[in-house]
Amino acid sequence: MSERIRILSGIRPTGRFHLGNYLGAAKNWVDLQSQYECFYFVADYHALTTEPDGHKVEDKVFDLAADLLAVGIDPSRSVVYQQSKVPEIAELNLLLSMVTPLSWVQRTPTFKEMAKKHPENVNLGLLSYPVLQGADIVIVKGVGVPVGKDQLAHLELIREVVRKFNRTYSPIFPEPRALLTESPLIRGTDGKQRMSKTVGNVIGVTEAPEVVRKQVMSMVTDVKRPRMEQPGHPRTCNVCAYYKLFFDDWEHYWELCRKAKIGCGEKKRLLAERMVEAFRPFREARAELSPELVTRILDEGSEKARTVARATMAEVRQAVGLPTLR
Ligand code: TRP
């Protein structure tokens, strides 16, 4: 068994991978591989809380897994798997739910938001979403959980549930900690909201150059600069914010913009070309991944995760007072 600290994180298969996913999560996951023993998975059970038809999620699972591999998640160093291929997680979810007071999950901010947004589909799975997330983590006895700020409330709840479980039965689980991802907040092409598939303001990472160009060219630019002859406002312009991420000499471009020597359209064209170039290795790696290879990697990773999960469940069943499975 490895002596490195075990960490784990998951991502819901809600569509193609975008720059927000990359900078906000995957890039960090890739970097953590050199230090930790990593478990990374596609959270397809979690996707069912909002899309109950698993058939509609299938392709997205594949796309997301392929994208993660393409940007540098390395199956020879990390366990890469599909949540639903480890059904022990669902059993642990059930057992954790028995020690989770209803009031704890009812006060979860993400639940309240989702319930408001989709009043037609407030299901029990949605309510226990963070408990399932807790099962994901403790089934492999994950200690660190790389997540963004939006997940901190879930992690707090999960820690309470784990403490309660350990107190009620026996101290089987380590209390997981969040490893906060310090990432720049990436506003989408609308220049307003965080990049998100549902908002529809995304820029792809592994997609064809034409797609990336089109998305970049659709970016909302400096609204206080209706004509090119007027000086720009790089501090508030979203396109200029991206320059900071993609150009070492971004200050030069900011200055040109302030002096009205470069227009918004031209800035976007340059940015698009820079991104297309920066993403080239990802795109090429993605093109080389055959569906068979991705499926094999997910199958093998899921089998590894399952071996760990089975061992945990044997302990859990014994602690709770359920029969030993043979
Ligand atoms: N809830 C996470 C998100 O929406 C995804 C997720 C599911 C997850 N299970 C997890 C993250 C376990 C970390 C650990 O982004």
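Glutamate 207 lies in the loop between strand S5 (177-180) and helix H10. The model is a predicted one. In this model, glutamate 207 is buried yet has no salt bridge. The nearest side chain of opposite charge belongs to arginine 16, 4.5 Å away. A salt bridge requires a nitrogen-to-oxygen distance within 4 Å, so the pair does not count as one. Leaving aside neighbours within four places in sequence, glutamate 207 is in contact with Arg16, Phe17, Val212 and Arg283.

One of these contacts, Val212, belongs to helix H10. This helix spans residues 209-217, and its buried residues are Val212, Gln215 and Val216. Seen down the axis of H10, the buried residues fall within an arc of 95°, so they line one face of the helix. Glu210 and Lys214 are exposed on the other side of H10. The packing partner of the buried residues is helix H13 (264-278).

Aromatic contacts were examined next. The structure holds 12 aromatic pairs. In one of them, the rings of tyrosine 243 and tyrosine 253 have their centres 5.2 Å apart. Their planes meet at 55°, so this pair is tilted. Tyrosine 243 lies in helix H11 (residues 238-246), and tyrosine 253 lies in helix H12 (residues 250-258). The pair therefore ties together parts that are 10 residues apart in sequence. Both tyrosine 243 and tyrosine 253 are buried.

Phenylalanine 246 and phenylalanine 279 form an edge-to-face pair, because their planes stand at 80°, with ring centres 6.0 Å apart. Phenylalanine 246 lies in helix H11, whereas phenylalanine 279 lies in the loop between H13 and helix H14 (280-288). This pair thus ties together parts that are 33 residues apart in sequence. Phenylalanine 246 counts as buried at 14% relative accessibility. Phenylalanine 279 also counts as buried, at 3%. Both residues belong to one aromatic cluster, formed by Tyr22, Phe246, Phe279 and Phe282.

Two lysines are placed over tryptophan rings. The charged end of lysine 164 sits over the ring of tryptophan 104, 5.8 Å from its centre. Lysine 244 lies over the face of tryptophan 250, at 4.9 Å from the ring centre.

Histidine 154 has its place in helix H9 (residues 152-168). Its relative accessible area is 2%, so histidine 154 is buried. Not counting residues up to four places away in sequence, histidine 154 touches Thr108, Thr110, Tyr129, Pro130 and Gln133. Histidine 154 and alanine 178 are 24 residues apart in sequence. In space, their C-alpha atoms are 9.7 Å apart.

Backbone geometry was also inspected. Lysine 141 has a phi near 55°, a positive value in a residue other than glycine. This lysine lies in the loop between helix H8 (129-139) and strand S4 (144-147). With a relative accessible area of 25%, lysine 141 is partly exposed. Alanine 260 likewise has a positive phi, of about 60°, although it is not a glycine. Alanine 260 is found in the loop between H12 and H13. Its relative accessible area is 18%, so alanine 260 is buried. The cut-off for buried residues is under 20% relative accessible area, so alanine 260 falls on the buried side and lysine 141 does not.

How values were computed. Residues are numbered from 1 along each chain as its sequence is written. This is a predicted model: local features need pLDDT of at least 70, side-chain atom pairs count only at pLDDT 80 or more; totals for chains, interfaces and linings use all residues. Side-chain values use heavy atoms; hydrogens and water are left out. Buried means under 20% relative accessible area, exposed over 50%, partly exposed in between (1.4 Å probe, protein chains only). Helices (H or I, at least four residues) and strands (E, at least two) are DSSP runs, numbered from the N terminus. The arc is that of the directions from the helix axis to the C-beta atoms. Contact means heavy atoms within 4.5 Å. Rings of Phe, Tyr and Trp (its six-membered ring) pair if their centres lie within 6.5 Å; planes under 30 degrees apart count as stacked, over 60 as edge-to-face and the rest as tilted. A charge sits over a ring if NZ of Lys or CZ of Arg is within 6 Å of the ring centre and within 35 degrees of the ring normal. Lys and Arg count as positive and Asp and Glu as negative; His and the chain ends are not counted.
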